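Work through the exercises below with the sequence and the 3D view at hand. Each task is followed by a solution in steps.

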Amino acid sequence: MTRVLITGVRAKTGYPLAEQLAARQGVEVLGGSADPASVSIAGVRPVAFSWDDPSTWSAAADGIDALFLIRPDLEQAPELIEKLLAVTPSGARVTLLSELDADSLGAESWAMRAEGVVRRGGHRWTILRPSWFMQVFTDRRYYRDELALDARLTFPAAGAEVAWIDTRDIAAVAVRTLLEDGHDGKTYELSGPAALSLPRTAELLSVAVGKTVAHQDISIEDAVGGLSGFERYAFTVTFERLLRGGFATVTGSVEEVTGRPARSLETFLADVGPFA
Ligand SMILES: NC(=O)c1ccc[n+]([C@@H]2O[C@H](COP(=O)([O-])OP(=O)(O)OC[C@H]3O[C@@H](n4cnc5c(N)ncnc54)[C@H](OP(=O)(O)O)[C@@H]3O)[C@@H](O)[C@H]2O)c1
């Protein structure tokens, strides 16, 4: 039995990964959550895991063979990851979820420091660097409600394109890196099959929403208006990168690792069905 811990089983990436791992023979899936009682996924054992409560980490990581580490959007993420790795069995494989082209942020950046502790942590590691997730359109914490209620996509773009990726494809890559040989020490830049402008993205979303979705271009300052502290900083840096075309790179890594091409936004939306 291969025991795998996912640090965030309710996450946009963690959920499809849990489902895909649970479908495999011989895999015991531990679904980490600060609210394990809310987790109900067939074949997944909910476990208490919270980045805010290090006392949960040792029990969650006890005896695991592999760890899917969803980088928490917290300023102290590099230090938290380092501490989690210290209680992770030394033989475990570790796959870190980072972000596309993190190198461009510089060696001292938050993203690269988070990667660095995994590279130097003493485990067999793989780093996944995905583009923006298609699932931000269906996540109520992001765009779902404004799409469903106002048929609007408020997003700073200034003509930039995004190679949206389906988190089911990130999960499919992670299944391989967590369970199979050949991925140790590798960093995979992951994207969907096409870079789309925001107006084109809105056009495709219109079919699922059932109304014409208007892309409303706004400044980064307006986009991060309601945020403060590290969250504001992180979104500002990310949108600046997006405007420079930093999330427009199309890579073939999903197909290289899984043998299947990455899903398109059209396929993702068809699978989701009409927005409520
Ligand atoms: N979003 C993107 O497009 C994108 C692109 C590239 C990289 N990334 C990186 O990916 C990481 C985040 O991964 P993710 O997007 O898969 O995580 P996520 O969906 O943001 O979930 C992270 C955690 O939030 C908690 N949570 C709180 N309220 C929730 C709710 N209503 N529904 C679900 N979860 C909730 C859950 O933890 P508990 O169960 O413990 O509460 C969950 O594990 C970050 O490092 C981010 O920088 C994101």
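**The largest pocket and its ligand**

Helix α9 is the top contributor to the lining of the largest pocket, giving eight residues. The model is a predicted one.

**Exercise 1.** Describe the largest pocket by its volume and its lining.

*Solution.*
Step 1. Start with volume: the largest pocket holds about 1600 Å³.
Step 2. Turn to the lining, which consists of 49 residues. Nearest the pocket centre are K12, R71, D73, R141 and Y142.
Step 3. Find the elements that give two or more residues to this lining: β2 (27–33), α4 (110–119) and α9 (229–243).
Step 4. Sort the lining residues by character: 28 are nonpolar, 11 polar and 10 charged.

**Exercise 2.** Determine where the ligand sits and which residues come nearest to it.

*Solution.*
Step 1. Locate the ligand: it sits in the largest pocket.
Step 2. Look at the 18 residues around the ligand; T13, S33, A34, R71 and F133 come nearest.
Step 3. Sort this shell by character: eight residues are nonpolar, five polar and five charged.
Step 4. Compare the two lists of residues. R71 is listed among those nearest the pocket centre, and R71 also appears among those nearest the ligand.

**Exercise 3.** Find polar contacts of the ligand with R10, S33 and A34, and state how much of the ligand the protein buries.

*Solution.*
Step 1. Take the side chains. An N or O atom in the side chain of R10 lies 2.8 Å from a ligand oxygen. For the side chain of S33, the distance from such an atom to an oxygen of the ligand is 2.6 Å.
Step 2. Take the backbone. In A34, a backbone N or O atom is 2.7 Å from an oxygen atom of the ligand.
Step 3. Consider the surface. The ligand alone exposes 900 Å², and the protein buries 75% of that.

Key. Residues are numbered from 1 along each chain as its sequence is written. This is a predicted model: local features need pLDDT of at least 70, side-chain atom pairs count only at pLDDT 80 or more; totals for chains, interfaces and linings use all residues. Side-chain values use heavy atoms; hydrogens and water are left out. On a 1 Å grid over the protein atoms alone, a cavity is a set of points where a 1.4 Å probe fits but cannot get out, and a pocket is an open set with protein on both sides within 12 Å along at least five of seven lines; lining residues have an atom within 4 Å of a point. Grid points are joined across faces, edges and corners, and a volume is the space filled by probe spheres set on the points. Helices (H or I, at least four residues) and strands (E, at least two) are DSSP runs, numbered from the N terminus. Ala, Val, Leu, Ile, Met, Phe, Trp, Tyr, Cys and Pro count as nonpolar, Asp, Glu, Lys and Arg as charged, and the others, Gly among them, as polar. A residue is near a molecule or strand if one of its heavy atoms lies within 4 Å of it. A polar contact is a pair of N or O atoms within 3.5 Å; within protein, one must be able to donate a hydrogen and the other to accept it, and residues adjacent in sequence count only if both atoms are side-chain atoms. Accessible areas come from the Shrake-Rupley method with a 1.4 Å probe; for residues, only the protein chains shown count as cover. A molecule sits in a cavity or pocket if more than half of its atoms lie within 2 Å of its grid points.
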